Amino acid sequence: MKQNSDNHLFQQYKNKQKREKKIVITWQLIIFIGFFSVWELASSLYWIDPLIFSSPSKIIGLMMDKFADGSMLIHLQVTLFETILGFIIGTIAGIIIATSLWASIRFSRIMDPYLVIMNAMPKVALGPIIIVALGPGYFSIIIMGAIVSVIITTLVVYSAFREVDPNYEKVLKSFGATRWQCFKEAVFPATLPAMISTLKVNVGLSWVGIIVGEFLVAKEGLGYLIIYGFQVFDFSLVMSSLLLIAIFAAIMYKIVEKIESWLIKHTHE
Amino acid sequence: MSFLTLENVSHHYFTKNSFTKALSNISFNLKEGEFISILGPSGCGKSTILSIIAGIMKHTSGKVLLKQRPLEESELPIGYMLQQDYLFPWKTIIENCLIGPKIRKDKSEYKMSQAKKLLKEVGLTDIEKEFPDSLSGGMRQRVALVRTLITNPEILLLDEPFSALDYLTKLKLENLVSKLLKSYHKTAILVTHDIGEAISMSDRILVMNANPGNIAKTFEVPVELRNETPFFVRRHPKYQMLFDKVWDELNKTESTSLKSMGGAKNDETKF
Ligand SMILES: Nc1ncnc2c1ncn2[C@@H]1O[C@H](COP(=O)(O)OP(=O)(O)O)[C@@H](O)[C@H]1O
Ligand SMILES: [Mg+2]
């Protein structure tokens with residue numbers, strides 16, 4: 001009897017949770033559909049200028065055309081490729097720089113003011129210099145994507161290195177470990193969770209660097225489409241590029257989140 | 001013949017605004033197979049002594065000889081156990097046990113079977129593939145003991161290894177460690193807060209003063225107590241006598257160290 005009433009309470013709790021979830025999803029759908037219907041309506045009734053704000057139906061039509069003739073796919077591929085590469089380079093370079101700061105305390109002291117300045121600086125402002133230095137092309141754009149995330153990765157990872165409990169190193173040193181062995185066996189694995197959590201931040205930052213880079217020089221890519229659409233006054237093109245960026249940035253974020261939870265499970269920390 | 005010799009060892013810690021003289025002219029000898037304990041108020045430099053002998057820190061002056069040779073020249077393995085186990089949470093138990101051989105580039109099938117044998121000896125079976133998280137405090141400290149013993153250290157340094165454990169686990173581990181060290185004829189230094197633990201495990205007890213850390217007095221543990229297990233020593237009549245003497249000495253050092261602490265503070269303000 002007691003068991004039954006406990007089960008009953010648990011059922012009630014579960015039902016309540018389910019109902020709550022339904023309400024949330026319903027409202028999410030209402031907002032989604034409402035937003036696009038109002039947009040469509042406003043555009044077709046000329047409440048807003050359809051030339052500037054386009055309309056969902058026009059955007060969908062344009063996307064279908066562009067995907068059908070393959071041109072959109074190329075732009076999408078270029079941007080995705082640049083973003084992923086920029087993201088990976090930025091993250092790895094940040095970890096390497098953090099490692100070298102850890103390896104030499106003197107080096108880290110020397111670098112300290114420069115890192116502060118570099119971190120405070122809005123990195124995209126370096127865009128024109130990068131392009132002049134490295135030439136207009138993919139390479140510059142990828143470097144833009146990397147440079148946005150490299151300094152913050154360096155700082156986050158380096159401070160995580162320094163927060164590792166020194167007693168782990170003490171244990172290793174009692175076996176005669178070198179500094180490098182301490183790094184490999186204790187410092188690096190202990191900070192893996194911190195490194196993984198920088199991934200999520202970096203994936204967002206890389207998009208910023210890449211899109212700005214494409215604004216500046218590209219002949220291809222979603223950033224280029226936005227600028228091009230803006231120049232020829234084709235706002236359906238601008239909007240569809242924005243939509244694709246939003247979708248793929250979200251997908252990449254989710255993938256990184258999955259990788260993160262996988263890594264955390266498999267590195268056991 | 002002396003196995004480990006400390007001769008007028010002093011150590012200073014320097015920080016930005018001040019310095020601490022952690023050790024002042026520490027001298028003592030340790031024979032092979034001997035077990036000594038160090039007792040003293042917290043901050044008197046007990047851990048510092050062990051870190052120096054473990055080769056983790058360089059003392060500022062004095063001599064440390066291991067088997068008649070300066071410490072930094074000898075490549076002899078030294079076992080160091082801390083208050084907490086500091087097992088690596090991302091490594092399995094067996095990987096944790098084999099970290100010493102790995103660092104010393106001495107990872108072999110033999111060490112592997114040695115590790116399994118030692119784990120069995122400390123009463124841990126079928127946990128090799130587990131991670132430290134899934135073990136209790138006492139089990140983890142036993143794994144740490146195996147990790148320390150696997151390199152076959154010439155000397156064991158135990159820095160309050162039982163103080164984070166509950167009383168029952170602590171008594172059991174004391175017995176286990178005492179038995180193991182005797183059977184392997186290990187030389188060892190134990191740092192502890194617990195007078196009973198010092199008496200029941202060791203052959204000799206050093207009581208230290210703080211500020212600066214130095215040895216106030218040395219007590220020999222009666223021969224009758226030395227070969228008993230810690231559990232039985234605690235019930236021996238001679239145990240209580242020695243306990244009282246050590247207790248008095250500790251109380252004396254506690255009060256003098258409080259006085260000199262005031263002195264040390266004044267010194268520091270000059271810098
Ligand atoms: N890394 C350090 N930097 C500065 N002072 C230290 C450091 N480690 C220990 N000390 C100081 O040295 C003295 C002895 O410390 P320690 O050997 O840890 O004492 P115990 O282990 O006996 O408690 C204490 O006064 C402590 O504050
Ligand atoms: Mg200590």
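Here are four short exercises, each with a worked solution, on a predicted model of two protein chains and a ligand.

**Exercise 1. How many helices and strands are there in chain A, and how many in chain B?**

Start with chain A. Its secondary structure comes to eleven helices and zero strands. Read from the N terminus on, the elements of chain A therefore run α-α-α-α-α-α-α-α-α-α-α, where helices are DSSP runs of at least four residues.

Now turn to chain B. There you will find ten helices and ten strands.

**Exercise 2. What radius of gyration does each chain have, and what would the globule rule give?**

Take chain B as the opening step. For its 271 residues the globule rule gives 18 Å, and the radius of gyration is 19 Å; the two values are close, so chain B is as compact as a globular protein of that length. Along its principal axes, the C-alpha trace of chain B spans about 55 × 50 × 40 Å.

Next, try chain A. A compact globule of 269 residues would have a radius of gyration near 18 Å, but chain A has 25 Å. The C-alpha trace of chain A spans about 80 × 80 × 30 Å along its principal axes.

You can then add burial and surface to the picture. In chain A, 38% of the 269 residues count as buried, while in chain B buried residues make up 52% of the 271. Chain A exposes about 15700 Å², with 72% of that supplied by carbon and sulfur atoms. For chain B the exposed area is about 12800 Å², and carbon and sulfur atoms supply 53% of it.

A last step looks at contacts along the sequence. Among the contacts of chain A with a separation of 6 or more, 72% join residues 24 or more positions apart. For chain B, the share worked out in this way is 72%.

**Exercise 3. Is A:Ser174 buried or exposed, and which residues is it in contact with?**

First, find the residue: A:Ser174 belongs to helix H8 of chain A, which covers residues 166-174.

Second, check its accessibility. The relative accessible area of A:Ser174 is 6%, and buried means under 20%, so this serine is buried.

Third, look at its surroundings. Setting aside neighbours within four places in sequence, A:Ser174 is in contact with B:Ala54, B:Ile56, B:Ile78 and B:Tyr80.

**Exercise 4. Which residues surround ligand 1, and which backbone atoms lie at what distance from its oxygen atoms?**

Begin by listing the shell. Ligand 1 is surrounded by B:Tyr13, B:Thr15, B:Thr20, B:Ala22, B:Ser42, B:Gly43, B:Cys44, B:Gly45, B:Lys46, B:Ser47 and B:Thr48. Sorted by character, these shell residues are three nonpolar, seven polar and one charged.

Continue with the polar backbone atoms. One from B:Gly43 is 2.7 Å from an oxygen atom of ligand 1. For B:Cys44, the distance from a polar backbone atom to a ligand oxygen is 3.3 Å. At B:Gly45, a backbone N or O atom lies 3.0 Å from an oxygen atom of the ligand.

Then ask how much of the ligand is covered. On its own, ligand 1 has 560 Å² of accessible area, and the protein covers 63% of it.

Finally, match the shell to secondary structure. Two elements of chain B, strand E2 (19-31) and helix H1 (46-53), give two or more residues to the shell around ligand 1. Helix H1 of chain B gives the most, with three residues.

Note on methods:
Residues are numbered from 1 along each chain as its sequence is written. Chains are lettered from A and ligands numbered from 1 in the order in which they are written. This is a predicted model: local features need pLDDT of at least 70, side-chain atom pairs count only at pLDDT 80 or more; totals for chains, interfaces and linings use all residues. Side-chain values use heavy atoms; hydrogens and water are left out. A residue is near a molecule or strand if one of its heavy atoms lies within 4 Å of it. A polar contact is a pair of N or O atoms within 3.5 Å; within protein, one must be able to donate a hydrogen and the other to accept it, and residues adjacent in sequence count only if both atoms are side-chain atoms. Accessible areas come from the Shrake-Rupley method with a 1.4 Å probe; for residues, only the protein chains shown count as cover. Ala, Val, Leu, Ile, Met, Phe, Trp, Tyr, Cys and Pro count as nonpolar, Asp, Glu, Lys and Arg as charged, and the others, Gly among them, as polar. Buried means under 20% relative accessible area, exposed over 50%, partly exposed in between (1.4 Å probe, protein chains only). Contact means heavy atoms within 4.5 Å. The radius of gyration is taken over C-alpha atoms; the globule rule is 2.2 Å times the number of residues to the power 0.38.
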